[in-house]
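Hi everyone, thanks for coming. Today I'd like to talk about aromatic rings, so let's bring the structure up on the screen.

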Amino acid sequence: MHNRVIKISFVILVILAAQGCTKHNNDEAQSTNNIIETMPPVQTAVAANVNGFIGGYYEALPVHYQSTTKKYPLLIFLHGGGQLGDGTTDLPLVLVDGVAKTINEQKFPPDFTVNGHHFSFIVLSPQFNAYPTDSAVLSFIRYALKKYRTDPARVYLSGLSMGGILTTEMGGLYPSLFAAVAPLGGESFSADKTLYAAGIAHGNLALWDFHNSEDPFVLSSVATDFVGLINGNHPGIPARLTMFKAWGHDAWTQALDPLYKENNMNVYEWMLHYSR
């Protein structure tokens, strides 16, 4: 009887010790996950034959990504026609414009505070070797969701010129996949634009479009027409259009500048106001 009591006591001690270790580990993990990033994200080139259109991309991760277990918002940025390349030796072309450039210049904030919560993005900037199909873009998004620790309720898409057109197409075809999209200097003007606009409106997808009033390459009327089509479908979230009074095609440098704000929000903070 005495031995049995000793054995039972020993088992209880082991269980309590294990629970204590588990609690300690959980507390430590939670503490790590609550770290607020203060250093710029680390951007590296990744060679990967994701599909026939993508042979590589830039990956920008929060500094503490590898030491946490939490899931991060994902921002995928699509470049313009001037940055086409093989994904490896041509990949630096992606740094010429867009979010990858902002990160490369260490101007991309490591932390965004929205509604009292702190967020840090995973940013992926793929390079296409030709104008991609919608299925090729979707393939990369699925690849990203599988490879990285992302929050599936916070997937955001943006792009400039060609990438802006793709952004409106993908948003229209797969609205539930994204929490918000931001085309820059490019919107769908194909015969299917009414389909894409209806998809965005009925899919309750937030869209903020940026364009220059005197754009000689993609006329400003393309932007006003597309946003008008969305809002003509009476969306739950009205589409926004910022028309810069400027000449030229480059509406993205100002739009992507974290210091540029409307209603006290830059485009990244605006995105984070939306989730699925």
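Let's begin with two residues, Trp208 and Phe210: both of them are buried. Please keep in mind that we are looking at a predicted model.

These residues also belong to a bigger story. Which residues join Trp208 and Phe210 in one aromatic cluster? They are Phe244, Tyr260, Trp270 and Tyr274.

Now let me step back to the whole structure. How many aromatic pairs does the structure hold? The count comes to 16.

I've picked a pair to show you in detail. Tyr57 and Phe140 meet edge-to-face, with 5.3 Å from centre to centre and 75° between the planes. What makes this pair fun is where the partners sit: Tyr57 is part of strand β2, residues 54-61, while Phe140 belongs to helix α3, residues 134-147. The pair therefore ties together parts that lie 83 residues apart in sequence. As for burial, Tyr57 has a relative accessibility of 0%, so it counts as buried. Phe140 is buried too, at a relative accessible area of 2%.

With that in mind, back to Trp208 and Phe210, which form an aromatic pair of their own. Their arrangement is tilted, the centres being 4.5 Å apart and the planes at 35° to each other.

Before I stop, a word on charges and rings. Lys147 places its charged end over the ring of Tyr148, 5.7 Å from the ring's centre. And what lies over the face of Tyr65? That is Arg149, at 4.4 Å from the ring centre.

That's my tour; happy to chat.

Conventions. Residues are numbered from 1 along each chain as its sequence is written. This is a predicted model: local features need pLDDT of at least 70, side-chain atom pairs count only at pLDDT 80 or more; totals for chains, interfaces and linings use all residues. Side-chain values use heavy atoms; hydrogens and water are left out. Rings of Phe, Tyr and Trp (its six-membered ring) pair if their centres lie within 6.5 Å; planes under 30 degrees apart count as stacked, over 60 as edge-to-face and the rest as tilted. Helices (H or I, at least four residues) and strands (E, at least two) are DSSP runs, numbered from the N terminus. Buried means under 20% relative accessible area, exposed over 50%, partly exposed in between (1.4 Å probe, protein chains only). A charge sits over a ring if NZ of Lys or CZ of Arg is within 6 Å of the ring centre and within 35 degrees of the ring normal.
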